[in-house]
Amino acid sequence: MAAHNGAATWMMNVFTGSPFLISMMSTVASLPFFLFTLPAGALADKVNRRKLICFVNLGLAAMAAGLAALGWFHLLNPYIILISVFLIGVGFAFNAPAWTSIVPQVVSDAELPSAATLSGLQFNISGIIGPALGGLLVALAGANFVFVLNAACFLLVVQATRQWKQPPVQEKESSERFFESFGTILRYVRCTSAFQAVLVRNFLFALFISGIPALMPVVGLKVLHLTSSNLGLLFTSMGAGSVVCAVLIIPRLRARFSPDCLALLANLLLVLVYVLLAIVRQHELFFVVAALAGAAWTLSASELWAAAQRAIPDWARGRMNATVLMISQGAMALGGLVWGAGVALAGPSFTLLGAAVLLLTSLLMVSRFSINVTRNLEETVSGFVAGNAEPEEIAATALSSELLPA
């Protein structure tokens, strides 16, 4: 996927010189998560998740192959590229709740932070190889070949998922209809302040981290005039920073600091990244700044993900994960639009400095929303599943058994 996005971004730069349209790539990739993850989460709680993942990845493979075919027939233009990125985002929106719901079934609560780091690690290793390989292949074989390769990778995911044996779990029957399950989400969020805190922190973090995929390519392409290979190396540097952070830094930090403190450190590092992106004009130093951005992203995202999993009961894991994704990706889409408009009006440097100032201000706002959670509400809100508890009773139970700060 990283190679696919790099190729699409490069083609957008070839078709149009508009910094706004380039920055909009991150918005149209995130918008489907805001629109579709909630119904996708409800679906993941009602169907076989393995079959759902296979079906979605078949659709993603078809979309990537179709994009390559349009490129070979010279039918691509900036708007078709945006639409295709949006449709691929729809596929990932339906895939994500089912995929993220699998992990907590096979690891213990104590292993959740490590599982989050490992999940991010494998993603970022692909983020190192993908953009570098994508940038090289774009230069040697063209973007269309990268799209075909991406389609083949989706098919490999299908094959691997079919061979995975889902661990046996105790099924909990629910009489809820598909649309009634959305009301369950609202009641749970309303009654659980710890989950509210997770949503608030995810929203603000996603809003500001969206400046990285929205603004960094604009600076690289329009200010530093990077080639396709160097653009791939830019994303590779970000992935490398994520891997180094996950392997060498996060385990040591977790032994000494709380999740709240780690999230604060990640946000302060992101402030520094924005300032450096605005002023650094040497290619080598710019790649180092990209690595710092990857480290900040991984550190905060892993802590937020672990806190969310602790605040989610197993019977609604698909829907609650979808809620977190919807809030996060909605903020990513909004942020991409805001930062893209800022680039068009004030230029990339002023937009980056403004983002740094706003992020510092937001840190004061989130200080009372703690993510130092220790356990979930699996047993205390079981009335949600059976549907035999009154809303007032459910609220009282959830509030009296609230997630406790560490």
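# A first look at an all-helix predicted model

Among contacts in this chain between residues at least 6 apart in sequence, 88% join residues at least 24 apart. Welcome to a predicted model whose secondary structure comes to 16 helices and zero strands. The chain has 406 residues, and buried residues make up 54% of them. About 17,800 Å² of the chain is exposed, with carbon and sulfur atoms supplying 69% of that area.

**The nonpolar cores**

- A good place to start is the largest nonpolar core, which has 66 residues.
- Phe195, Ile212 and Met216 are the residues with the most contacts inside this core.
- Helix α12, covering residues 283–310, provides the largest share of the core, with nine residues.
- Another core, of 11 residues, lies apart from the largest one, and among its members are Val56, Leu60, Ile88 and Phe154.
- To see what surrounds one of the core residues, pick Met216: leaving out residues up to four places away in sequence, Met216 touches Gly211, Leu234, Phe235, Met238, Leu277, Phe286 and Ala290.

**Thr236 and Gly294**

- Thr236 is found in helix α10, which runs over residues 228–254.
- With a relative accessibility of 11%, Thr236 counts as buried, because the cut-off for buried is under 20%.
- Thr236 and Gly294 are 58 residues apart along the chain, and their C-alpha atoms are separated by 9.5 Å.

**A nonpolar patch on the surface**

- Turning to the outside, you can find a nonpolar patch formed by Phe257, Leu264, Leu265, Leu268 and Leu360.
- Together these five residues have about 400 Å² of accessible area.
- Helix α11, made of residues 259–279, gives the most to the patch, with three residues.
- Leu265, one of the patch residues, lies in helix α11.
- Leu265 has a relative accessibility of 35%, so it counts as partly exposed.

**Two histidines with positive phi**

- His74 is not a glycine, yet its phi is positive, at about 60°.
- You will find His74 in the loop between α3 (49–72) and α4 (78–106).
- The relative accessible area of His74 is 71%, and because this is over 50%, His74 is exposed.
- His225 also has a positive phi, near 55°, in a residue other than glycine.
- The loop between α9 (211–223) and α10 holds His225.
- His225 counts as exposed, because its relative accessibility is 59%.

**Cysteines**

- How many disulfides does the chain have? The count comes to zero, with a disulfide taken as a pair of cysteine sulfur atoms within 2.5 Å.
- Cys153 has a relative accessible area of 38%, so it is partly exposed.
- Cys261 is partly exposed too, with a relative accessible area of 25%.

**To take away**

- The chain is built with 16 helices and zero strands, and helix α12 gives the largest share of the 66-residue core.
- On the surface, helix α11 gives the most to the nonpolar patch.
- The loops between α3 and α4 and between α9 and α10 are where to look for His74 and His225.

Conventions. Residues numbered from 1 in each chain as written. Predicted model: local features only at pLDDT ≥ 70, side-chain atom pairs only at ≥ 80, totals over all residues. Heavy atoms only, no water. Buried < 20%, exposed > 50% of the residue type's maximum accessible area, 1.4 Å probe, protein only. Patch = residues over 30% accessible without salt bridge, like charges linked within 9 Å, V, L, I, M, F, W, Y side chains within 5 Å. Areas by Shrake-Rupley, 256 points an atom, 1.4 Å probe, with all protein chains shown as cover. Salt bridge = Lys/Arg side-chain N within 4 Å of Asp/Glu carboxyl O. Helix = DSSP H or I, 4+ residues; strand = E, 2+ residues; numbered from the N terminus. Core = buried A, V, L, I, M, F, W, Y, C linked by side-chain atoms within 4.5 Å. Contact = heavy atoms within 4.5 Å.
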